[in-house]
Amino acid sequence: MGQEIEMEKKNLLTKTEFDALCDAFHIKENDFFWQANTYFDTKDFALKQKGAALRIREKNGQYELTLKQPASKGLLETNQALSKETAESALTASRFPDGEVKTQLKTSLHLSIEEVTPLGTLKTKRTQHPYRQGLLFLDHSTYLDVEDYEVEMEGPSLEQVNNWLEELLSQFHIPTRTTPNKIKRFFTRQEEIQAKRN
């Protein structure tokens, strides 16, 4: 089964801070790649209420269905590769294939995949760079009417990624900011837009 525990820590950046980190790590425009995450949930946001997230990611013509859910440490990720046709069926008609994600949704979260529908797409221009024994990611994301920037650190333990990120932020005089993950930021903005309409 395609499962892994993800140890990561993020921090939102201003565009100026983002550009400064790109310069410091000698990251050029052609070092970035695009990916698009389409998020799903039930009509009553059952996944969100359980602290879980379901997405299809498109990157370099490849598609992957991912379920993220809370684990004792970090997040448990269940990943399943999709063909283009299967991904398009899920994206347009919410028809998902059998596999690890469907099973995990049912057995662990007690939800049926037939209940979920697409909520929207978040597009990210991303680059990654080796950092200590882990990876540093720089992301520029657009979703709904928002454009944001973030740095993310991934590594073998939460303690290490926290320390690495603190050192990096301190070195570049970047304030520590509460940074929900992308799907939470997407949901928050969606709720703000809906509240304005009502």
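Gln35, leaving out residues up to four places away in sequence, touches Arg57, Glu58, Lys59, Leu122, Lys123, Thr124 and Arg126, and I should say at once that we are looking at a predicted model. The residue belongs to strand 3, which covers residues 33–41, and with a relative accessible area of 3% Gln35 counts as buried, because the cut-off for that word is under 20%.

One of those contacts, Thr124, leads us on to the next part of the sheet, since Thr124 stands opposite Ser141 in strand 8. Strand 7, residues 117–131, pairs with strand 8 in the antiparallel sense, over nine bridges, and in the hairpin that these two strands form, with two residues between them, Arg132 takes a positive phi near 50 degrees.

On to the other partner of strand 8: strand 9, residues 146–154, runs antiparallel to strand 8 and is joined to it by nine bridges, with Leu135 standing opposite Glu154. This hairpin has two residues between its strands, and here it is Leu144 that takes a positive phi near 50 degrees. How enclosed is strand 8 by the rest of the structure? Eight of its ten residues, within 134–143, are buried, so strand 8 is largely enclosed.

Finally, Lys9 in strand 2, residues 8–13, is partly exposed at 38% relative accessibility. Setting aside neighbours within four places in sequence, Lys9 is in contact with Val151, Glu152, Met153, Val161, Asn162 and Leu165. Lys9 and Leu136 are 127 residues apart in sequence, and their C-alpha atoms are 9.9 Å apart in space.

Methods
Residues are numbered from 1 along each chain as its sequence is written. This is a predicted model: local features need pLDDT of at least 70, side-chain atom pairs count only at pLDDT 80 or more; totals for chains, interfaces and linings use all residues. Side-chain values use heavy atoms; hydrogens and water are left out. Helices (H or I, at least four residues) and strands (E, at least two) are DSSP runs, numbered from the N terminus. Buried means under 20% relative accessible area, exposed over 50%, partly exposed in between (1.4 Å probe, protein chains only). Contact means heavy atoms within 4.5 Å. Two strands pair if DSSP finds at least two bridges between them.
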